[in-house]
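User: Please take a close look at one part of this model. Then set that part in its surroundings.

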Amino acid sequence: MGFWMTLGRHDWTEVHALLDHPHGLRGGLRRLYDAWGESLRELESAHTTRTWDAIHILLTGCENDDAKGVPLGPAPARDVVMGGLVLTGGTSRLNTPILLRPAEVRAVDAHLRGIDLDALIRERYPLLLEIGPYSFHDHDGSDMVTRGWLAEDVEVLRGFYARAAAAGNAVIKDIS
């Protein structure tokens, strides 16, 4: 089945209360991680298929290198998929939740609204073919662009981030 990206919108007041920890941000991130998926209310969720890596390359023009533990590309483009605070305090951005605070969510929304998606796909398609992101090619030789999956999932993210930004929500992402 492979890696998919799941995103959840959360009330910032609840998230902020969990982050406000007597031992600082690291303690707050641990408390938020413990509450995530348990007691932390999720207002909405969205999912992308295996397109997360291709979306990152499409938006940033940079190959994803999780081994370095630092998301590549300029903010807010990198924040759509890979940017944010890793809740576990580690460096990997796979198999661990990543938090975007409301200001970052608003910046991502503004960035996504400002993109001419068709033009960007045409411009970056050669780069996507060259890099060959995770699961980019299908078993029959077609790819995420020709099948329309990449554009569909970017539109899912556009709508999700727009609703999160309008409500002042935090977003927690997980690629697993």
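Analyst: Two residues are in contact when heavy atoms lie within 4.5 Å. Helices (H or I, at least four residues) and strands (E, at least two) are DSSP runs, numbered from the N terminus. The model is predicted, so local features need pLDDT of at least 70, side-chain atom pairs count only at pLDDT 80 or more, and totals for chains, interfaces and linings use all residues. Numbering starts from 1 along each chain as its sequence is written, and side-chain values use heavy atoms, with hydrogens and water left out.

The part I pick is helix α3, residues 52-60. How many of its residues are buried? Nine of nine, so α3 is mostly covered. Buried means under 20% relative accessible area, exposed over 50%, and partly exposed in between (1.4 Å probe, protein chains only). The buried set in α3 includes Trp52, Asp53 and His56, along with Ile55, Ile57, Leu58 and Leu59. Ala54 and Thr60 are buried too. For the protein chain, the buried share is 45% of 176 residues.

What covers the helix? The buried residues of α3 pack against strands β1 (5-10), β2 and β5. They also pack against helices α4, α5 (117-131) and α6 (149-167).

Now the end of the helix. Gly61 comes just after α3 and has a positive phi of about 75 degrees. This glycine belongs to the loop between α3 and β3. Gly61 is partly exposed, at a relative accessible area of 29%. Beyond neighbours within four places in sequence, Gly61 is in contact with His56, Arg124 and Leu127. Pro133 is 72 residues from Gly61 along the chain, yet their C-alpha atoms are separated by 12 Å.

Next, the strands around α3. Five strands make an open sheet, ordered β2-β1-β5-β4-β3, with antiparallel pairing. Strands pair if DSSP finds at least two bridges between them. β2 (44-48) and β3 (85-86) are at the edges with a single partner strand each, so one side of each lacks a neighbour in the sheet.

β2 is one of the elements that α3 packs against. Its side chains alternate: Glu44, Ala46 and Thr48 are buried on one face, while Ser45 and His47 point to the other and are not buried. Antiparallel pairing joins β2 to β1 over five bridges. One bridge sets Gly8 against Ser45 of β2.

β5 (residues 170-175) pairs with β4 (residues 98-100), antiparallel, over three bridges. There, Leu99 stands opposite Ile172 of β5. Helix α4 (residues 102-113) packs on the sheet and touches β4 and β5, its direction making about 80 degrees with that of β4.

For comparison, take the two helices earlier in the chain. The axes of α1 (residues 12-19) and α2 (residues 25-35) come within 7 Å and cross at roughly 125 degrees. Axes are lines fitted to C-alpha atoms, for helices over the stretch in contact; angles run from 0 to 180 degrees between N-to-C directions. Val15, Ala17, Leu18 and Leu19 supply the α1 side, and the α2 residues they meet include Leu25, Leu29, Leu32 and Ala35.

Last, the whole chain. It has six helices and five strands. Their order along the sequence is β-α-α-β-α-β-β-α-α-α-β. The C-alpha atoms fill a box of roughly 50 × 30 × 30 Å along the principal axes. Among contacts with a separation of 6 or more, 70% join residues 24 or more positions apart.
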